[in-house]
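Student: I have a new model open. Can you walk me through reading its interior?

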Amino acid sequence: MNTPLLEIEDLYAGVAGKEIIKGFNLTINEGEVHAIMGPNGAGKSTLSYLLCGKPGYEITSGVIKFRGKNLMTMSVEERACEGIFLIMQYPVEIPGVPVTSFLKYAVNAQRKYHNQPELDTMEFIKMLREEGRKLGIDAEMLKRPVNVGFSGGEKKRLETLQMAVLKPQLAILDEADSGLDIDALKIVAEGVNNLRDNKRSLLVITHYQRLLNYIVPDFVHVFADGRIVKSGDKNLALELEEKGYAEFVKDK
Amino acid sequence: MSGLIQEVKLFGYNIPRIEGLREKARASFWMPTVKTQAWKYTKLHSLKVDDFVVEPSKFLEEIEGKEIEEHCCCGENCHQHGESCSCGHHHEEREKHECKCRNKKHLPFAAYELHFENGKFVPIYPATPSGVEIMTLMEAFAIGEENHLLGKYIDYAKYPFAALNTAYLEEGLFIHIHKSAKLDKPLALINHTYGGQENLLVNIRNLIVLEDDAKAELVEYYHYSGEPKSRYFNNIVNEIYLGAGAELDHCRYQNEAYKAVHLALNSVRIKTQGIYNGFCLQKGADLGRSETQVRLLEKNAKAEVNAAYLMNGWATLDTTTDIEHLSPETYSSQLIKGVVGGEAKGVFQGKIYIAQDAQKTEGRQLHKALLLSDTAEVDVKPELEIFADDVKCSHGAACGELDQEQLFYMRSRGIGEKDAKQMLINAYFTDVMARIHNIKIQEWLQNEI
Ligand SMILES: Nc1ncnc2c1ncn2[C@@H]1O[C@H](COP(=O)(O)OP(=O)(O)OP(=O)(O)O)[C@@H](O)[C@H]1O
Ligand SMILES: [Mg+2]
């Protein structure tokens, strides 16, 4: 059996002195798609930030391994270069930094990490335009500062574009579907699916079963009060859609 | 009075007009104290050591027939070896008369370059278009071209370092752009300071006159190479006269040694329809001030005074402006942005004065700074003196830190922390840099950040 891509064991963690993750366990193997669903405030975004190493988020106990390596001692950028990518629930605006130069810098930083030569600028721009076109992001948008003045849906599409360009091993989608209209949802899902192969894995955080019609998960987990309280296959999502989370939160 | 005023024999000691200016200035110089309002935030203690050295006059040495060895700064060979050559550099062996000035910086864009070395003008003149006259200030005095303009409008009671500058009046240029003349590329005054010149006090005075409808771009670049701890004091005054419809883009970049002192005063007078577009990037020096006084004399005179400063360590860099709207329908705009790290201190003092009859005038001012550390400091003093009632006037100041969310976002894409910070700093300066008209100058400075 291959080393799992991601292993989280008995994780306790929080932010600002508040414990949010309480005994979380999850193993993701190469090529698998896991969905996490759970009520607001359960700690889903917190988990995704912990995986990316966001400053301020602290682990009190437990282990996170990525490809068998201790992830917890790695810096944010190291984790990105190792292949973790997060589609953020609330993408950040960066005035003064155009999308194209930002992404070119990111791609080359990751290539440098892997001792690969920098990409030729012209080739990169061509590739970016091509990928952008698939996601409905035109050349004009690529010249604009990152996320500045982008609509909610455009931001999510730009996140997907970044993922397409950076080709991560593990993509975490934190509500990639929020704020998307039906067509955009399909476009984003398609962008994500294009990346799928038997090596890359996905962790899909969502409130709506609908996204999972397009990105079909191998496993669905119910996340409540800082840990996984139930796991199942894709049918669990349908069940949740019907019954809600009452069953899981009432015993609190 | 002060150790800064010393006895030196300078060119023109027998020409009453020149010596008169110096004498008056010597008598007028005063050292600001901790109680001096204009220097409240920018402390001058690094000047209060009486050990500054003023080099002997290059002009007099030439006149007195002292043999001037050709040196490679001028593209010639230096005939000396084992001792200092007249350019002030030390050459070890005859074969190696590569003096440091061989490495002298040129600009990454085409310009009419004029070089100064340790405060002395290197008399090589570029071939400028007709209508553009450039000569040393002393020449201009000698042949009467100076026209009694020098120092005419500078109040020494307010600007003591302009008095100091005038007390040593000698080095500097007279740049005269005749009526309707235009330059196809910028004029660039490149000031090189080399190491080993401890405690040199340099005074440069430039008189810049644009006649009606003349148009020019002027770049001033101060840089340093050599022993990093070298300490010196560059004291610069530019007097700028813009005639009706004249336009000057004036871009200054101060990147002195980190223990140096650089004080500069730009005194600008603008007639009707004249436009002054000033920009200053301060990055070097332990103590730096870029002060700009603009007088909008007649209707439709316009001025922009923009600036950026970027600092670390223990430096104090100061941007001071004083914009006087003296006629109706005049316009001014200032955008000043700073990034301060370490234990450094940024200072901005901005004054807008609107005279009683200067109706329908517009004066805008905005200062913004980013603090990169807990120990970094910014002091801001806006001052509005408005005596007219029908004016549009605004000022604002904001101080912030690097956005942690933005930093995390960038790093989560694989960009290293240091690079991400640098990108954010660059981004921070984009809007103020965009106010430089010449794209090539803009790119040059953007790369220097
Ligand atoms: N910086 C912080 N300081 C204090 N509390 C925080 C902080 N960040 C998150 N929390 C709290 O931690 C809990 C989990 O937040 P988190 O954003 O992870 O929830 P979530 O599961 O993603 O919710 P949603 O479905 O609404 O996105 C919430 O109660 C939230 O208020
Ligand atoms: Mg969330």
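Student: Is helix H5 (residues 404-411) of chain B mostly covered or mostly uncovered, and how many of its eight residues are buried?
Tutor: Bear in mind that this is a predicted model. To judge a helix, count its residues under 20% relative accessible area. H5 of chain B is mostly covered, with six of eight residues buried. They are B:Gln406, B:Leu407, B:Phe408, B:Tyr409, B:Met410 and B:Arg411.

Student: What does a side-chain oxygen of B:Asp403 reach at the start of H5(B)?
Tutor: Look for a polar contact there. The oxygen comes within 2.8 Å of the backbone nitrogen of B:Glu405.

Student: Which residues have the most contacts inside the largest nonpolar core?
Tutor: A:Phe24, A:Phe102 and B:Leu445 do, in a core of 115 residues. Helix H6 (residues 417-433) of chain B gives the most to this core: nine residues. Another core, of 41 residues, lies apart from it, with B:Phe121, B:Ile134, B:Ile175 and B:Tyr232 among its members.

Student: What does A:Phe102 touch, leaving out residues up to four places away in sequence?
Tutor: In chain A, A:Ile94, A:Val97, A:Val146 and A:Gln162. In chain B, B:Tyr409, B:Met410, B:Arg413, B:Ile415 and B:Met423. Two of these names are familiar: B:Tyr409 and B:Met410 are buried in H5(B).

Student: How many cavities of 30 Å³ or more are there?
Tutor: Rolling a water-sized probe over the atoms shows where empty space is left. The search of the whole structure finds seven. The largest has a volume of about 150 Å³. Among its 15 lining residues, B:Val54, B:Lys120, B:Glu171, B:Leu201 and B:Asn203 are closest to the centre.

Student: What makes up the lining of that largest cavity?
Tutor: Sort it by residue type: seven nonpolar, four polar and four charged. Strand S6 (residues 200-210) of chain B supplies the largest share, four residues.

Methods:
Residues are numbered from 1 along each chain as its sequence is written. Chains are lettered from A and ligands numbered from 1 in the order in which they are written. This is a predicted model: local features need pLDDT of at least 70, side-chain atom pairs count only at pLDDT 80 or more; totals for chains, interfaces and linings use all residues. Side-chain values use heavy atoms; hydrogens and water are left out. Buried means under 20% relative accessible area, exposed over 50%, partly exposed in between (1.4 Å probe, protein chains only). Helices (H or I, at least four residues) and strands (E, at least two) are DSSP runs, numbered from the N terminus. A polar contact is a pair of N or O atoms within 3.5 Å; within protein, one must be able to donate a hydrogen and the other to accept it, and residues adjacent in sequence count only if both atoms are side-chain atoms. A nonpolar core is a set of buried Ala, Val, Leu, Ile, Met, Phe, Trp, Tyr and Cys residues joined through side-chain atoms within 4.5 Å. Contact means heavy atoms within 4.5 Å. On a 1 Å grid over the protein atoms alone, a cavity is a set of points where a 1.4 Å probe fits but cannot get out, and a pocket is an open set with protein on both sides within 12 Å along at least five of seven lines; lining residues have an atom within 4 Å of a point. Grid points are joined across faces, edges and corners, and a volume is the space filled by probe spheres set on the points. Ala, Val, Leu, Ile, Met, Phe, Trp, Tyr, Cys and Pro count as nonpolar, Asp, Glu, Lys and Arg as charged, and the others, Gly among them, as polar.
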